[in-house]
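This briefing introduces one protein chain to a first-year reader. Please consult the sequence and structure shown below while reading.

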Amino acid sequence: KITIFWFRRDLRLEDNTGLYYALQQEENVLPLFIFDSNILDKLEDKKDARVQFIHEQITSIHDELKDKGSSILVKHGKPLEVYQELCKEYSISSVYTNRDYEPYAKERDQEVEKFLKEKDIEFYTFKDQMIFEPGEVLNGSGEFYKVFTPYSKVWLEEFKKQKIEPLSYFHWKNLYETKPFSLPSLEDIGFEKTDIPIPSNTVDKDLISEYDKTRNFPAKDGTSRLGIHLRFGTISIRKLALDAAKLNDTYLNELIWREFYMTILAYNPQVVDKAFKPAYDQIPWRNNEEEFKAWCEGKTGYPIVDAGMRELNQTGYMHNRVRMIVASFLTKHLLIDWRWGEAYFAAKLLDYELASNNGGWQWAAGTGTDAQPYFRVFNPESQTEKFDKDLKYIKEWVPEFGTDKYPNPIVDHKFARQRALDTYKKALDQ
Ligand code: FAD
């Protein structure tokens, strides 16, 4: 009999909770990864740097396990069907895995667990991608926090109280002994290579120490770029949070935002396509397709907006300050549904994370967990004045800025601001 350890968004051998516990018991552990066709079939662009990144990580885990006399079994298909097949090939007593809180993941795991139970196979899950998972940071009445500040206060208190430590000891000898399995190529799973570079997962301690001073300036290399690694677990959140606690409170606070939005999503799965504050679903979005196209292509005539969109299109990354500006511009200046912008980001961002992306978009549109935010309409010009004074970021991404090749503004700022305020007010007064 064997135990399976199922990798999902935790693509590392070190400090991996589920793998650690799987290896602690007596049975041989066979690591498994499934390229999930339920997810991959929905990706329209088959040159997807994120899929390529996952493939590379799986390949490196394969090589590391080879050195330990073992391997990783890699399948491509629907998870339930993969398990139906595996049960015919192997005598399995249990499956270990780390918990995932997204709506699709929860549904998938329930289905797999039900099938395994029918076969008398245990399904054990562990907390790994968060410091405090949904349900661990609650208010006095035992409910989830709807507002960030009190949530972060309790989160921090708990973090200081509990001794969080990375797991460092492994019973590697319990790995399933085998010759290396062959891996499907990227092409075998229907994807092609891209040349978009992926930022490294090394924690730059000097950068994090200065984070509160540098993080708002898009022309500076002032943020960690660890988003993609947190998304796919190629860095451990425990190690990162412990470093952050020593180096910079503002950075730690951002990691708390990540867990706040994950918790909001876990308790409110409807936010995937509905406003967190239901009244805001009344807003009559203009949804002009030509204007949306201009926004996507970085041709709105607002240089800070255009710079951000071009950075995203070319690199799969956009600086947080600029994400806020372009999202405010789309939803307020153009009155285009936040779900359109969210979907565009989801297709392009290397660090795409459903909970944070949804939270960020609902924040910008004013439909989310913030108290009274619809009056906030970012002024692209004053944002530029504050955060890109020398126009360094703008000039990097919009080289024709200042020449007659650069388009005129798609809409007048003062007019658009007033239109947004009137539209929101009317919709919410109903
Ligand atoms: P750093 O500034 O170095 O921060 C470190 C880590 O903290 C990030 O990698 C991230 O995991 C977390 N973090 C930082 N800011 C936030 C935040 N506001 N909310 C939640 N977590 C945060 N973040 C994503 O990870 N995925 C997304 O899809 C995403 N979409 C966004 C959409 C909009 C409209 C907005 C306004 C923000 C979005 N964010 C998203 C949050 C934030 O912009 C990114 O996490 C950050 O820019 C990633 O760059 P970094 O890794 O250099 O972050």
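How many nonpolar, polar and charged residues does the shell around the ligand have? The shell has 12 nonpolar, 7 polar and 7 charged residues; here Ala, Val, Leu, Ile, Met, Phe, Trp, Tyr, Cys and Pro count as nonpolar, Asp, Glu, Lys and Arg as charged, and the others, Gly among them, as polar. The model is predicted: local features need pLDDT of at least 70 and side-chain atom pairs count only at pLDDT 80 or more, while totals for chains, interfaces and linings use all residues. Residues are numbered from 1 along each chain as its sequence is written.

**Domains**
- The domain assignment, which is automatic or from a database, gives domain 1 (1-129), domain 2 (130-164 + 203-267) and domain 3 (272-429).
- The centres of domain 1 and domain 3, taken over C-alpha atoms, are 37 Å apart.

**Ligand shell**
- The ligand is surrounded by 26 residues, each with its C-beta atom, placed from the backbone, within 6 Å of the ligand.
- The closest are T223, S224, N320, N357 and G360.
- Because domain 2 and domain 3 both give residues to this shell, the ligand lies between them.

**Helices α6 and α11**
- Helix α6 (residues 148-161) and helix α11 (residues 249-267) have axes that come within 10 Å and cross at roughly 110°; helices are DSSP runs (H or I, at least four residues) numbered from the N terminus, and axes are lines fitted to C-alpha atoms over the stretch in contact, with angles from 0 to 180 degrees between N-to-C directions.
- This crossing makes α6 roughly perpendicular to α11, a term for angles of 65 to 115 degrees.

Note on methods
Helix = DSSP H or I, 4+ residues; strand = E, 2+ residues; numbered from the N terminus. Parallel < 35°, antiparallel > 145°, perpendicular 65-115°, else oblique.
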